[in-house]
Protein chains: 2
Amino acid sequence: MSFDRLLAPRTKNISASALRELLKVSGQPGMISLSGGYPAPDSFPVDIMDTLMDKVFEKYGTTALQYGTTEGFNPLREALVSYVARRGIKAKMDDIYISSGSQGFLDAVGKILINKGDCVAVEAPTYLGALQAFNAYEPQYIRLEMDDEGVIPESVEETLKSHLIKFIYLVPTFQNPTGRTMGLERRKRIAAIIQAHDALAVEDDPYSELRYRGERIPTLKSLAPDHVIYASTLSKVFAPGFRVGFYIAPESLRTWLIRVKQGVDLNTSTFTQALAAEYIANGFLEKQIPKIVEIYRPKQEAMLGALEAHLTGEFKWIKPDGGMFIWVIGPKGMDMEAYYHKAVEKKVAFVPGKFFFTQKGEGLETMRLNYTSPDITSIEKGVKILSEVLKA
Amino acid sequence: MSFDRLLAPRTKNISASALRELLKVSGQPGMISLSGGYPAPDSFPVDIMDTLMDKVFEKYGTTALQYGTTEGFNPLREALVSYVARRGIKAKMDDIYISSGSQGFLDAVGKILINKGDCVAVEAPTYLGALQAFNAYEPQYIRLEMDDEGVIPESVEETLKSHLIKFIYLVPTFQNPTGRTMGLERRKRIAAIIQAHDALAVEDDPYSELRYRGERIPTLKSLAPDHVIYASTLSKVFAPGFRVGFYIAPESLRTWLIRVKQGVDLNTSTFTQALAAEYIANGFLEKQIPKIVEIYRPKQEAMLGALEAHLTGEFKWIKPDGGMFIWVIGPKGMDMEAYYHKAVEKKVAFVPGKFFFTQKGEGLETMRLNYTSPDITSIEKGVKILSEVLKA
């Protein structure tokens, strides 16, 4: 019995499964996977889980097991106030809303804003999960030009002048997939442009705590508070299996974001929110972040070192100060997908970069490498093999 | 700064907040709330949570904290095989998909099927959470006539003949809001009609384990397996704060349901899924259900007894064999919302029934009462006060 005839037109838009099919092999036994976007399991604070659970039942009792408000579990919202403060964001508990991972927020913002054919401006390349969330609402993507410091302000300005843009989606810090970070001056210029055009920007910031060197840079939200929805997650600093994200939106959008979330999942798991509240409020998060950084920094250095040692000549790559990814750019005309298949034969997987672009034919010569998930030996071995494949 | 101008047309469809506004008072101190739909906190298996968590870390380690597949955590899907078998549903692990509560499934099915203006057939009255999920996709609702035994088969047949129906949404057992249950003969007729028209039905079954008397009735899914998506949840038999639901869909729809979920929340909390898996696999669920039934049965009896004692004459109500609600029908012409305000003054809250209907002007004389959340003393006192208000 096929019910294909019943599918809504939007559904066919969500069919972009080429990447998923491609990556199926990356889980094969013996494969060195540099393709994922997973945190390292040893970054999870497993040792304090018992303590957290005891605290949750002691403080909240059965409330932690009950339905909760769509806005989020108040003790978590309260705990997040000082967490976002160190990113320069002034927010009260009532300003902070909880989502089911950042993904839940991305779906909600797409749902309330995007009508079929509406323009959404995104970095080229951009985060694939955001495209997956937005695609269901059938937008038209306008690409924003990037250089090594992220989005180029002139490109934002021109785009806002020439199109009616619903919102601009940006990952200013340690971007997925490129690892690029926008400097302060550029952030200020973009903030000014957004304000001048009375435009709306979504600042997605999952990685800023994963900084291995250099100084923290103020968030775009802190520079244009009325024009930016700031979204982040605990997936990279607690555990993704809890599915806890959060966001701070301009007041006029909040009611709508909550109403759509009510239809989508009623509320994010009260229990995992309560665990997160105790994790932050008791200072465990503060202690965990340096541990996570010390796990990832040597992995990133190992990958950068291996690239330096093995991949020469026509290949360039970005050296980010943090995050989870390294972006490699091959010579123009190179088809990285063809090399993907060759690398997989040699038991190394990566993500061909073209999947992060909204325009066909872009980024064919690029690839994204992840270093948080594999161990250092695998990283070194994987990059060596990969380099041999690329140079062959 | 207002961004109202940026909202998608669908968003205004989700504005039906009249009920939410109305119910805000039901949380006031001293209020006897018969309005909610919450399980009783003493129905939660708090005493075994430590055991469950130990088992989770012992068996799954950090996997329980990591991202998981969108389809669901395999040990939970495996554990659900025998759980659905006792509802007459033959399913393998691969046939069962996990959602973030039933709500997550309702959103997904709306998203893949409903295009603006498409017809969806629903019971009159029907579950409000389903309408909230579907409304975002802008359907047109076709009402299905009900009597004391649920949906009338002739109404289903006529509706399928006269309209192109995307799907029929049914809660056949202890329906929310009416508590009505469809008998076996009627289920068989509806199964035959759906099959004859090659139509798609969604069977939402959150309450069937909450049976206080009488025999279990086979699910619609077991009678028309190829034409029914069966959806259920652990919210009423484990804890709603975990947000774990599940569904079994015809094969041709599965890929699409998974793809939209990937854009919405990537995966349901791996951690709460792992807890649920151990809850079921170790036989705790089996032991908990009779305890829950023994908490709710006396509460339901108390409410039915109080109605019998105090509410006479022109009022009727349905006496369900299970579930969470009692549906009271007043004399035609009565405006229950006006009585709601009077009852709230006397510190008793309920839900005026009109909110469960898709057509304006229907069900004005009806109300829904919940008995799982309040204690027996409150139920008796609340119904007594309510009866006085209604008779005044």
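Let's start with one pair of strands in this predicted model: β14(A) and strand β15 of chain A, the latter made of residues 366–370, run antiparallel to each other and are joined over two bridges. You can find one residue pair here by eye, since Pro352(A) has Met367(A) in β15(A) as its bridge partner. As background, strands of a sheet pair through backbone hydrogen bonds, either parallel or antiparallel.

Now widen the view a little. This pair belongs to an open sheet of four strands in chain A, ordered β11-β12-β15-β14, with antiparallel pairing. The edges of the sheet are β11 (316–317) and β14 (351–352) of chain A, each of which pairs on one side only.

Stepping back to the whole of chain A, you will count 14 helices and 15 strands in its secondary structure. The radius of gyration of chain A is 21 Å, close to the 21 Å that the globule rule gives for 392 residues, so the chain is as compact as a globular protein of that length. Along the principal axes, the C-alpha atoms of chain A fill a box of roughly 60 × 60 × 50 Å. Of the 392 residues in chain A, 54% are buried. The contacts tell us about the fold too: among those in chain A that link residues at least 6 apart in sequence, 76% join residues at least 24 apart.

Next, bring in the second chain. Where do the two meet? On the chain B side, 59 residues are in contact with 59 residues of chain A. The elements of chain B that each give two or more residues to this side are α1 (9–12), α5 (101–113), α6 (128–135), α10 (251–265) and α11 (270–281). If you want one helix to look at, try α10(B), which gives nine residues, the largest share of the side of chain B that touches chain A. Sorted by class, that side has 31 nonpolar, 20 polar and eight charged residues.

Finally, how are the two chains arranged? In general, two copies of a chain are related by a rotation about an axis and a shift along it. Here, chain B is superposed on chain A by a rotation of 180° with 0.0 Å of shift along its axis, at an RMSD of 0.0 Å. The two copies are therefore related as by a two-fold rotation axis. Both copies also use the same surface, as 100% of the contact residues of chain B recur in chain A.

How values were computed. Residues are numbered from 1 along each chain as its sequence is written. Chains are lettered from A and ligands numbered from 1 in the order in which they are written. This is a predicted model: local features need pLDDT of at least 70, side-chain atom pairs count only at pLDDT 80 or more; totals for chains, interfaces and linings use all residues. Two residues are in contact if their C-beta atoms, placed from the backbone, lie within 7 Å. Ala, Val, Leu, Ile, Met, Phe, Trp, Tyr, Cys and Pro count as nonpolar, Asp, Glu, Lys and Arg as charged, and the others, Gly among them, as polar. Copies are superposed by least squares on the C-alpha atoms of residues with pLDDT of at least 70 in both. Two strands pair if DSSP finds at least two bridges between them. The radius of gyration is taken over C-alpha atoms; the globule rule is 2.2 Å times the number of residues to the power 0.38. A residue is buried if 20 or more other C-beta atoms lie within 10 Å of its own, exposed if 12 or fewer, and partly exposed in between; C-beta atoms are placed from the backbone.
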